[in-house]
Structures are given as structure tokens and as C-alpha cells.
Amino acid sequence: MAKKKQFKDEKMDKLVSLCKRRGYVFPSSEIYGGINACWDYGPLGAELKRNIKDFWWREMVHKRDDIEGLDAAILMHPKVWHTSGHVEEFTDPLVDCKKCKSRFKADDISTESCPNCGGELTDPRQFNLMFKTFMGPVEEDANVVYLRPETAQGIYVNFLNVQGPSRQKVPFGIAQIGKAFRNEITPGNFIFRTREFEQMEMQFFVHPSEDEKWFEYWKEKRWQYYLDLGITKEKLRWHEHGPNDLAHYAKAAFDIEYEFSFGWKELEGVHNRTDFDLTRHKEASGKDLRYWDEQTKEKYIPYIIETSAGCDRTMLTCLIDAYHEEEVKGEPRVTLRLHPRVAPFKAAILPLVKKQGMPEVAQKLYDDLRKRFKVFYDAGGAVGRRYRRMDEIGTPYCFTVDGQTLEDDTVTLRDRDSMEQSRHKIAEIPDLLEKKINGE
Ligand code: ATP
């Protein structure tokens with residue numbers, strides 16, 4: 001058992017090293033020694049993250065008539081955070097070890113003494129997770145503002161601003177992707193828990209009598225999203241919030257969890273938040289946030305079904321789930337088996353050798369493909385080595401221009417996962433690639 005755990009942690013270490021080496025993720029401000037739990041996404045990381053967000057946006061907004069997009073400000077009126085309960089309640093109890101000065105979430109430790117050194121622990125103290133700053137030049141209490149700890153509140157306060165101009169009728173949703181900030185006590189596990197992260201949230205407004213139906217609907221949709229990202233089904237599960245961890249305002253809450261080496265952890269929450277948020281904002285702002293149903297002549301506060309996912313966590317899941325090692329002909333082969341729809345490069349175009357007109361044909365194919373896809377051109381070195389490099393960064397397909405290409409206008413398609421090779425007409429490559437990426 002212990003051996004297995006060590007192997008899995010080793011896998012994470014290897015992934016972190018690959019991410020640094022290949023330009024996926026680096027420690028932030030690295031030349032100054034880094035800053036705890038802050039990460040920068042390099043050229044490949046930026047692409048992977050963008051692909052995850054684009055896929056989410058396409059599924060949640062573009063493909064639907066009943067969801068509108070929003071991009072609300074990070075800084076909001078401080079009253080928002082008083083009303084939402086974040087100022088008073090968004091806290092974690094914290095304990096410190098008096099001896100080694102380690103800090104823990106009280107909920108995370110079951111022992112009376114420090115899990116690191118056995119030292120005596122302080123009593124738990126409440127620690128607010130919101131980052132504070134000041135608006136304007138004067139640093140005084142009246143000017144305190146917060147970096148938003150979630151994107152959801154931007155949606156609630158804009159409920160009628162979006163509903164009116166878009167002429168949406170309940171049931172409908174508002175979706176947003178954006179940065180959120182939490183002064184986490186115990187960040188870590190690479191990009192799993194950080195202090196600055198991105199959320200992909202959708203709040204779906206429904207008639208109170210239809211909440212359970214929509215809750216089930218969104219559970220199903222959100223589960224499917226992770227399968228469509230290519231995540232191993234057996235490593236996903238639902239966690240239902242029981243009486244002990246169900247938020248006081250929620251009627252039901254389920255999390256989608258993934259089995260990491262450090263345990264089953266939440267990727268996304270699907271929550272029935274009832275009319276709590278809009279009722280609170282209605283009372284605190286004095287603005288009538290009720291929805292007017294013209295057909296039934298009913299005025300009411302809709303219930304909200306929330307789907308709240310972390311982009312960085314999804315990215316870590318895609319990477320760790322995709323990481324594969326094997327031995328091929330006595331040589332180690334590392335592959336990131338990323339789903340083609342999220343892989344940074346969809347394909348690489350490789351002339352077998354830098355002569356006999358092969359680079360020209362390859363360059364032409366590259367220029368055609370780059371109009372539609374993010375692709376990579378690589379002419380240098382042995383082709384086997386070029387394939388391995390693409391395997392390691394997760395490029396699903398390589399198109400190789402060789403001697404036969406010059407005779408019959410076909411190229412070799414080499415598949416990353418199976419390493420199988422097949423020949424295809426150059427003219428058919430763009431549509432073939434499209435089909436392979438989106439299955440459409
Ligand atoms: P956790 O229990 O892991 O702290 P949470 O229940 O506080 O998560 P929510 O408030 O429901 O999380 O936020 C929704 C999603 O935002 C989470 O499922 C997760 O994917 C992401 N998220 C939350 N906190 C962080 C963080 N510190 N770093 C990265 N992603 C986060």
C-alpha cells in the first residue's frame with residue numbers, strides 16, 4: 001500500500017518536472033525564488049488552459065439558447081461580500097505548531113499534536129480567506145475592497161441586468177469564467193490549490209417548483225463534460241454533501257471528484273442554492289430582484305442551480321490523467337495522452353528529411369492547417385526523436401512528408417497513443433483532423 005502511494009507521488013513529481021521543462025507551468029517569479037503556490041502558465045500551459053475554457057464556453061454558452069455569458073469585475077462593492085456572508089463566514093479554523101511553526105487547517109488534522117514534529121498546537125483561530133486591498137490612495141477601513149473569492153456573486157448581482165436585454169425567460173442561466181482569489185491556509189499539490197485561480201461558473205435560474213428536475217439535469221451534463229475531456233471514468237465519482245457538510249443555504253450539493261495520488265478531491269460542485277442569494281441581495285440592496293413571469297403573472301425569486309468548476313484543477317486533472325510511461329524497444333516513452341480537443345498542438349507536420357522538396361510540401365500543409373488549428377512545424381533531427389518530443393507534450397497526431405508524398409500526394413499519419421501509421425491524401429488532412437479532434 002505504502003509502495004503504491006510512493007509511486008503515485010513520483011508520478012506527480014515527474015509531471016511537475018515535465019511541465020517546467022516543456023513550458024506548461026513554471027513557479028511564479030522564479031528568478032526571485034518563486035512565491036508560494038503561485039504558478040505561471042507557459043506557452044503550452046496557456047494553450048491547454050484556453051482549450052479547457054473554450055470547450056466549457058462552447059458547451060455552456062455557444063451551444064445553448066438558454067445561457068448567456070458575463071464578464072464581471074473582480075473588484076465589487078464591499079457590501080456584496082457582507083451580504084453573501086463571505087466577510088463573516090468565509091473562514092477556515094487554523095492551528096499553528098508552537099514548535100516547528102507549521103500551519104494547518106484544523107479540519108485537516110485528527111491528532112492533538114503537530115503531525116510534523118509532535119509539537120504542541122495552538123487553539124484554532126478563525127482565518128478569513130479573502131484578500132483585502134484599498135480603493136484609492138487612502139489606506140483606511142472605509143476604503144477596503146476585496147479580491148473576489150468566487151465569480152458567482154458577479155452573476156447574482158447582475159441577474160436582472162442580463163435577463164432584461166437578453167430577453168431570457170426563466171429557466172435560463174448566466175455563465176462566467178474568471179479569476180478568483182483565496183488566501184488559502186494550506187495551498188499545494190502543484191496547481192490543485194492555489195491562492196489565485198480561475199473558475200468556470202454557471203448559475204441556472206429556475207422556478208422553485210422545478211429545482212429538482214434541473215438539478216438532476218445539470219448533474220448529468222457536468223459529469224459528461226469530464227468524460228468529453230477524456231478523463232478516465234473510473235477515476236471520477238460523485239460526493240454528496242451530507243448533513244455535516246451541506247451549506248446552510250443549500251438544498252442539495254454534489255461534488256464531482258477525481259482520484260488524485262493525494263486522495264479523492266473536488267473538481268466541481270453542483271449545488272441547489274435555493275433562493276438564498278437573490279433574496280439576500282434583494283434585502284440588502286433594496287432592489288427588487290424578483291422575476292416577472294408574464295405568462296403566469298407571477299412574481300418570484302427564482303431558485304439557483306449552480307455548477308462551479310475550477311479551471312486550474314481541471315487542467316491538473318487532464319495532465320495527470322494523461323501522463324503515461326512505458327518502454328518501447330528498450331527505451332522509455334513518456335506520453336501525455338491529452339484529448340485532442342484540449343491538446344496544445346493538434347498536430348505536428350514533419351518533413352522526413354530537409355531535402356528533395358519535402359520541406360516545401362510540409363510547409364504548405366502547415367500553412368493550410370494553421371488557418372484552422374494550432375499546429376507545429378518541426379524539420380530538425382531524426383524523425384523518431386521528433387515523434388518522442390510530440391508524445392511528451394501531448395500532440396496527438398504527426399503528419400510526415402516523405403518520399404512517397406512526392407509521388408502520390410499522401411502523407412503518413414502517426415497516432416500518438418497507438419503509434420500506428422496510416423497514409424492519407426494531403427487534400428483530406430484538414431477535414432480528417434477536424435473529425436479526429438471534435439468527432440463531428
Ligand atoms: P475546496 O473544498 O477544495 O477548498 P471549495 O468547496 O471551497 O473547494 P468552491 O467554493 O465550491 O470550492 O469552488 C468551486 C471550484 O473552484 C472548486 O471545485 C475548485 O475546482 C475551484 N477552487 C476552489 N478553491 C480553489 C483553489 N484554492 N485553487 C484552485 N481551485 C480552486
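The domain assignment divides the chain of this predicted model into two parts. Domain 1 is made of residues 2–80 and 136–319, and domain 2 covers 345–438. The C-alpha centres of domain 1 and domain 2 are separated by 37 Å. The C-alpha trace of the whole chain spans about 75 × 65 × 50 Å along its principal axes. Within the chain there are 13 helices and 23 strands. Of its 440 residues, 33% count as buried. Contacts were also sorted by sequence separation. Among those between residues at least 6 apart, 63% join residues at least 24 apart.

Confidence was examined next. The mean pLDDT of the chain is 94. A value of 70 or more is reached by 98% of the residues. Residues 1–8 have a pLDDT below 50. Beyond near neighbours in sequence, this stretch makes two contacts in the model. Where pLDDT is low, the predicted coordinates should not be read in detail.

The ligand is surrounded by 16 residues. The closest are Phe197, Gly269, Ser308, Gly310 and Arg313. Four elements each supply at least two residues of this shell: strand S10 (196–206), strand S13 (263–272), strand S16 (303–310) and helix H9 (311–322). The most comes from S13, which gives four residues. By residue class, the shell holds eight charged, five polar and three nonpolar residues.

Strand S13 also has pairing partners in the sheet. Strand S12 (residues 252–260) runs antiparallel to S13, and nine bridges join the two. S12 and S13 form a hairpin with two residues between them. Across this pairing, Ile256 stands opposite Glu268 of S13. S13 is further joined to S16 by five bridges, again in an antiparallel arrangement. Here the bridge partner of Glu268 is Ala309 of S16. Glu268 is thus placed opposite Ile256 and bridged to Ala309. Both S13 and S16 belong to the elements that supply the ligand shell.

A second hairpin is formed by S17 and S18, with two residues between the strands. Strand S17 (residues 323–328) and strand S18 (residues 331–336) are antiparallel and share six bridges. Glu326 stands opposite Arg333 in S18. In this hairpin, Lys329 takes a positive phi near 50°. Of the six residues of S17, the number buried is zero, so this strand lies largely in the open.

Several backbone features fall in loops. The loop between helix H6 (159–166) and strand S9 (172–181) contains Pro171. A cis peptide bond, with omega about 5°, joins Val170 and Pro171. Arg167 is found in the loop between H6 and S9 as well. Its phi is positive, near 55°, although Arg167 is not a glycine. Arg167 counts as exposed, because it has 7 C-beta neighbours inside 10 Å. Asn189 occupies the loop between S9 and S10. Its phi is also positive and near 55°, in a residue other than glycine. Asn189 is partly exposed, with 18 other C-beta atoms within 10 Å.

Two helices were considered in more detail. In helix H11 (residues 383–393), the buried residues are Tyr387, Met390, Asp391 and Ile393. An α-helix has 3.6 residues a turn, so residues three or four places apart point the same way. H11 is followed by Gly394, which has a positive phi near 90°. Helix H10 (residues 358–369) contains Pro359. Pro359 counts as partly exposed, because 18 C-beta neighbours lie inside 10 Å. Leaving aside neighbours within four places in sequence, Pro359 is in contact with Pro351, Lys354 and Ala379. Pro359 and Asp288 are 71 residues apart in sequence. In space, C-alpha to C-alpha, Pro359 and Asp288 are 66 Å apart.

Definitions and conventions. Residues numbered from 1 in each chain as written. Predicted model: local features only at pLDDT ≥ 70, side-chain atom pairs only at ≥ 80, totals over all residues. Domains from an automatic or database assignment. Buried ≥ 20, exposed ≤ 12 C-beta atoms within 10 Å, placed from the backbone. Contact = placed C-beta atoms within 7 Å. Near = placed C-beta within 6 Å. Nonpolar A, V, L, I, M, F, W, Y, C, P; charged D, E, K, R; others polar. pLDDT = per-residue confidence, 0-100. Pairing = 2+ DSSP bridges.
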